[in-house]
Amino acid sequence: MKAVVLAAGRGERLQPLTLTKPKVLLPVANKPLLQHLLEALRKVGVDEVLIVVHYMAEKIMNRFGDGSDLDLKIEYVRQPRIYGTADAIGMAEGRVDGEFLAVYGDLFLTPEALEAVINRHGKNAVATLALVPVENPSHYGMVRVEGEHVKEIVEKPESWSFEPLANAGVYVFDSDIFDAIRRTGESTRGEREITDTIQSLVDEGQEVRAVEISRESWLDVGRPWDLLEANRRAVSGLVPEVRGRVEEGATLVGPVYVAEDARIRAGAYIEGPAVIGGGSDIGPNCYIRPCTSIGSRVRIGNACEIKNSIVMNGTHIGHLSYVGDSIIGENCNLGAGTITANLRFDKANIKMVLKGQLVDSGVRKFGVVMGDGSQTGINALTMPGVKIGPGCWIGPGVVVYRDVAPNTFLRLRQELVEEETPAEK
C-alpha cells in the first residue's frame, strides 16, 4: 500500500520554531518529526510515500530526498497554496492506484495505530478513519459512530453528547475518493476539508468505517508542549548505547544514548532517558535530567542543569545555567547564569499566546521556546511560557516577561549614581 503524507502546513502554533523550519522537521529525540512517521510507515509494510509539500518545501525535500536512506521510495507533489486537507489529498490523484493510506505529517504515531486502520479497511468501504478518545471535544473534529460505521462528523462542537472520539488524521481511501473531493466545496474557514468530503459520502449512504486507536499510540504535535510530549515518548523507547567518549567520573543512569564524537566530561550526571547528539560536549559537573534531547555540536558548560528539554544543533549553554521544560532552537548562545523559569508561584497551568490567543497548555511546568540563532547575556531570566523569536539578543540581567518578536535586541536601561566611598568623605 502507498501512503500520502500531508506536510504542507506552516505550523503557526509552533512559532517561533517554524519561522525558520517546517513543523515536520522539528526534532524529536534528535530526529525530524516526519522521520518518526516515515519509519512507522515502513514498519507496517509501506514502501512508497508521496509527500504533499508547500511551506519550506525545499527543506523537506532536501532532508529526505528519494527516501533511500529510510528504505523507502519517496516522491513529492507541491500544493500550490494551502487550501485544506481535501485539496492536499486531491493532489495525489493520478499518483496512487486503488487503496492508499493518507496521514497528517505532524502526527507522532506508533506502527500499531497505522496497522489497525489498514487492517480494518474492508472491500465495501470507500473510506476508513482512525478515531482517538479525547477529553475536550471542543478542540477536535468529533465523530459519531454506530458500531464500526461513521454517522456524523462535527468540527469542534460546543457540546457533544456521544462517545468522545476525535478524528485522528489517519485514513485509508480507495481511488473513488478523488471524485468526492472534486465535489467538496469550501468550508467556513475558506478551505476544502477532507472531513466535509467524508461527511458527503456518509450522507450518500456509502460505507465509511472507523477504528478506535489508543491515546498512547497517537499524538497531534501542534503546540510547543506537544513537541515536548512527543520527545518524552520517543526517548522513553531508547536503547542505551555509548558511541562517544565518557570520561572517568561521569555517570550515566538508565537509558542514555551518546552518539559518535560526543564527549561527556568528568562530573557530568546524565539520567535517562536522554539522548546526546554527535559532536556534543557535556560538562564537567553538570546534570542532564530525564527526557532531554541534546542535538549535535551542542556545548553544555560547567554546573548547568537541563531538564525535560529539547536543545537543538549547534547551541551553546554557558556555565551556571538552568534550562527546564524548554525548547531551545539551533545555534543559540545562552550566557552564563541564564535561567528559564518553568513554574508559576500559584502552581497554575502555564498559558501561552498562540496565533494571537492566550491558550491554557494544560501543564504546570513549561519554560521558554527560543527560536534559532538567539542569544542571552549573563544572568538573563525568562518567565514560564514566553517565546523568543529567532535572531534575538536578550541583554544581561533582563527578565523576559512577555513574548519577544524576531530579531529584537532587548536590554535594560541602567542609571548609575557615583559617590565617594565613606572612607574618602
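Visitor: Which residues touch the most other members of the largest nonpolar core?
Guide: This is a predicted model. Its largest nonpolar core holds 76 residues. Within that core, the members with the most contacts to other members are Leu-41, Val-49 and Phe-173.

Visitor: Which element gives the largest share of this core?
Guide: The largest share amounts to seven residues. They come from strand β11. That strand covers residues 165-173, and the element asked for is β11.

Visitor: Which residues does Leu-41 touch, leaving out those up to four places away in sequence?
Guide: Leu-41 is one of the core members with the most contacts to other members. With sequence neighbours up to four places away left out, its contacts include Val-49. The full list is Ala-3, Val-5, Val-46, Val-49, Leu-101 and Leu-114.

Visitor: How many residues make up the second, separate core?
Guide: The second core is separate from the one around Leu-41. Its members include Ile-270, Cys-286, Val-298 and Ile-306. Its size is 34 residues.

Visitor: Which residues of helix α2 are buried?
Guide: Helix α2 runs over residues 57-64. Buried means under 20% relative accessible area. The residues of α2 that count as buried are Ala-57, Ile-60 and Phe-64.

Visitor: What arc do the buried residues of α2 cover around the axis?
Guide: The residues concerned are Ala-57, Ile-60 and Phe-64. They lie on the same side of α2, because the arc they cover is only 70 degrees.

Visitor: Which elements do the buried residues of α2 pack against?
Guide: The partners include one helix, α1 (33-43). Strands are among them too, including β1 (2-7) and β3 (31-32). The full set is β1, β3, α1, β4 (48-53) and β5 (73-78).

Visitor: Which residue takes a positive phi just after α2?
Guide: Helix α2 covers residues 57-64. Just after it, the phi angle is about 55 degrees. The residue is Gly-65.

Visitor: How far from the ring centre of Phe-64 is the charged end of Arg-63?
Guide: Phe-64 is one of the buried residues of α2. The charged end of Arg-63 sits over the Phe-64 ring. The distance to the ring centre is 5.2 Å.

Visitor: What is the geometry of the aromatic pair Tyr-104 and Tyr-171?
Guide: The count of aromatic pairs is seven. In the pair of Tyr-104 and Tyr-171, the centres are 5.8 Å apart. The planes meet at 65 degrees, and over 60 degrees counts as edge-to-face. The geometry is edge-to-face.

Visitor: How many residues apart in sequence are the parts that this tyrosine pair ties together?
Guide: Tyr-104 lies in strand β6 (residues 100-104). Tyr-171 lies in strand β11 (residues 165-173). The pair therefore ties together parts separated in sequence by 67 residues.

Visitor: Is Phe-162 buried, partly exposed or exposed?
Guide: Phe-162 pairs edge-to-face with Trp-160, at 5.2 Å between centres. Arg-144 lies over the face of Phe-162. Trp-160 is buried at 17% relative accessibility. Phe-162 has 41% relative accessibility, so this residue is partly exposed.

Visitor: Where is His-121 placed?
Guide: His-121 is buried, with a relative accessible area of 11%. Its contacts beyond four places in sequence include Glu-99, Val-172 and Arg-209. Its place is the loop between α4 (111-120) and β8 (127-133).

Visitor: What separates Glu-229 and Arg-233 along helix α7?
Guide: The structure holds 32 salt bridges. One of them joins the side chains of Glu-229 and Arg-233, at 3.0 Å from N to O. Both lie in α7 (residues 224-236), four residues apart, so the separation is about one helical turn.

Visitor: What is the N to O distance in the salt bridge of Arg-344 and Asp-346?
Guide: Arg-344 is partly exposed at 34% relative accessible area. Asp-346 is partly exposed too, at 47%. Their side chains meet in a salt bridge with an N to O distance of 2.7 Å.

Visitor: Which residues do salt bridges with shared partners join into one network?
Guide: Salt bridges can share partners, and here they form one network. Its members are Lys-2, Glu-48 and Glu-75.

How values were computed. Residues numbered from 1 in each chain as written. Predicted model: local features only at pLDDT ≥ 70, side-chain atom pairs only at ≥ 80, totals over all residues. Heavy atoms only, no water. Phe/Tyr/Trp six-rings, centres within 6.5 Å; stacked < 30°, edge-to-face > 60°. Helix = DSSP H or I, 4+ residues; strand = E, 2+ residues; numbered from the N terminus. Buried < 20%, exposed > 50% of the residue type's maximum accessible area, 1.4 Å probe, protein only. Lys NZ or Arg CZ within 6 Å of the ring centre and 35° of its normal. Arc of directions from axis to C-beta. Contact = heavy atoms within 4.5 Å. Salt bridge = Lys/Arg side-chain N within 4 Å of Asp/Glu carboxyl O. Core = buried A, V, L, I, M, F, W, Y, C linked by side-chain atoms within 4.5 Å.
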